[in-house]
Amino acid sequence: MTVIIEDYYDGSRTFSWLSELINLPIDQVNFVLAQLTALALSGFLRKFLSPVAVTPAVRHVFGLVIGLALGYFCFGRQAIHIAGLPTLCYIAMRTQNPRNIQRVVLTTALFYLSGVHYHRQIYNYGSYTLDITGPLMVITQKVTSLAYSIHDGLTRREEELTPTQRHQAVKKMPTTLEYFSYVFHFQALMAGPVIFYRDYIDFINGHSLAGAKAVTGYDKNSGQYNEIVLEPSPTPVVVKKVAVSLLCVAMFLTFIPTYPIEKLKDDNFLKNTTVFYKVWYLMVVTMLIRCKYYYAWIFADAICNNSGLGFSGIDEKGEAKWDLFSNVDVYGFEMSLSLRSSIDHWNKGTNRWLRSIVYERVQHNKLMFTYALSALWHGFYPGYYLTFANGAFFTTVSRVARRNIRPHFLGSKGKKFLYDTLTFIGTRILMAYITFSFVLLEFMPSLTMYLYLYLFAHIFGLVILVVAPRLPKLPSHKKVTEEESKNSQKLINGTARKSM
């Protein structure tokens, strides 16, 4: 039996007056205040506690202490869990054979995370109140990715590793300070993104500016010319990302009252609206829900950038890029022409994590195991499993369609443009069709909605799986050039912009 606790939130109540003043729940107020504090302190870390000015230990301690303080401010006594899970995993890392360390840590972390997920589902079913599971999910990604990196660094030969695994391999067990600083550092504690251990240590030690501009200076004392790396300023991109994140949250707060997700369970809505209107409503409401994620992820990205994390080199225009750890590409997602492209641009940190510990390591049923771990990591709401099951099914469908149908549209620019237009529209519809159950959470309301939609996408997908492989094969010379493909993408994007 589900037990409802009226007030499950255990964070600070200091700013209850502000919550009442602006009419926002106290958990959301605390989250915003914590992120604003992190944004300010990240600038302090970059300017006054740079690797040139202080030792790595000072930077470790600063990130660790601030992270713990913000965690306690937002979650109160629940913050014990963000210490409990990584502590158990660190004990496993220090005591287990490196050949098995990755399996033990993954099992320990998932069991702990699952217990917290289950507890919340029992005592606070269906609530959107901020709780400890969010940071705990990010911590799970950190400790498990570190365990696999230690396993790679200590037990596998370099030629056995992929380029990414080779870069992330850890050949020395982290000290206690290094480990807990990595787990709790304040820039990414609240909303990610997941940062792999090697990248974090490079940041702490000041080795994360590869590709930055350099000048040569003459040192009078040594009589030698020394190369000085000019640290690029993240301020312009931080301002831009903060502005975009605020725009996203403004859209969410303005329009979500008009398009509440709960309406999907309303009998009047289900019975007295057309299929076309239901699909439109799903597209709008899921887009608005995404705005909430865009806000959290883009603002968190700005916090990382403001501390110096996330520099990825210089682009062709000579400008600094700060997208190394970005969790989402809003434009890439919203303008994508395929399901795969949408997935690649959404929650990119989790995609990197799943690819690193599952997809690149299992030999068979890669897609199934990847989606299964993703579903378990999210929790136990039936809506999650519907979304990921549908994701696996429609990923298979899209692969079959691309392999067997797309070649028939590559004979000319006009056909290619038509194909891209259809896939652009289809991807928008399909993403809403797949993901609404992720937000709705419940099984029967989600299934009811699918039945009122006559399972049209599932039926269409089954038709593609049956018919597409039987289509006549085209000669290999009927291919569109790379330049034509890019031009078609630009035309689609331009058309989309005009219609927005």
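## Surface patch, cysteines and helix α5

Helix α20, which spans residues 456-467, contributes the most to a nonpolar surface patch, supplying four of its residues. The structure is a predicted model, and the points below take up that patch, the cysteines and one helix.

**Nonpolar patch**
- The patch on the surface is formed by Leu-451, Leu-455, Ile-459, Val-463, Val-466 and Val-467, which together have about 480 Å² of accessible area.
- Val-467 lies in helix α20, and because its relative accessibility is 42%, this residue counts as partly exposed.

**Cysteines**
- There are zero disulfides in the structure.
- Cys-248 takes part in no disulfide, the nearest cysteine sulfur being that of Cys-291, at 5.1 Å, whereas the cut-off for such a pair is within 2.5 Å.
- Cys-248 counts as buried, with a relative accessibility of 8%.
- Cys-74 has a relative accessible area of 0%, and is therefore buried.

**Helix α5**
- Helix α5, made up of 23 residues (101-123), reaches 33 Å from its first C-alpha to its last, which is close to the 33 Å expected at 1.5 Å a residue.
- The buried residues of α5 include the nonpolar side chains Ile-101, Val-105, Leu-106, Leu-110, Leu-113 and Val-116, and also among them are Gln-102, Ser-114, His-117, Arg-120 and Gln-121.
- These buried residues of α5 pack against four helices, namely α4 (80-95), α6 (133-155), α15 (348-359) and α16 (366-378).

Methods. Residues are numbered from 1 along each chain as its sequence is written. This is a predicted model: local features need pLDDT of at least 70, side-chain atom pairs count only at pLDDT 80 or more; totals for chains, interfaces and linings use all residues. Side-chain values use heavy atoms; hydrogens and water are left out. Patches are made of residues with over 30% relative accessible area and no salt bridge: like charges are joined within 9 Å, nonpolar side chains (Val, Leu, Ile, Met, Phe, Trp, Tyr) within 5 Å. Accessible areas come from the Shrake-Rupley method with a 1.4 Å probe; for residues, only the protein chains shown count as cover. A salt bridge is a side-chain nitrogen of Lys or Arg within 4 Å of a carboxyl oxygen of Asp or Glu. Helices (H or I, at least four residues) and strands (E, at least two) are DSSP runs, numbered from the N terminus. Buried means under 20% relative accessible area, exposed over 50%, partly exposed in between (1.4 Å probe, protein chains only). The expected span of a helix is 1.5 Å times one less than its number of residues. Contact means heavy atoms within 4.5 Å.
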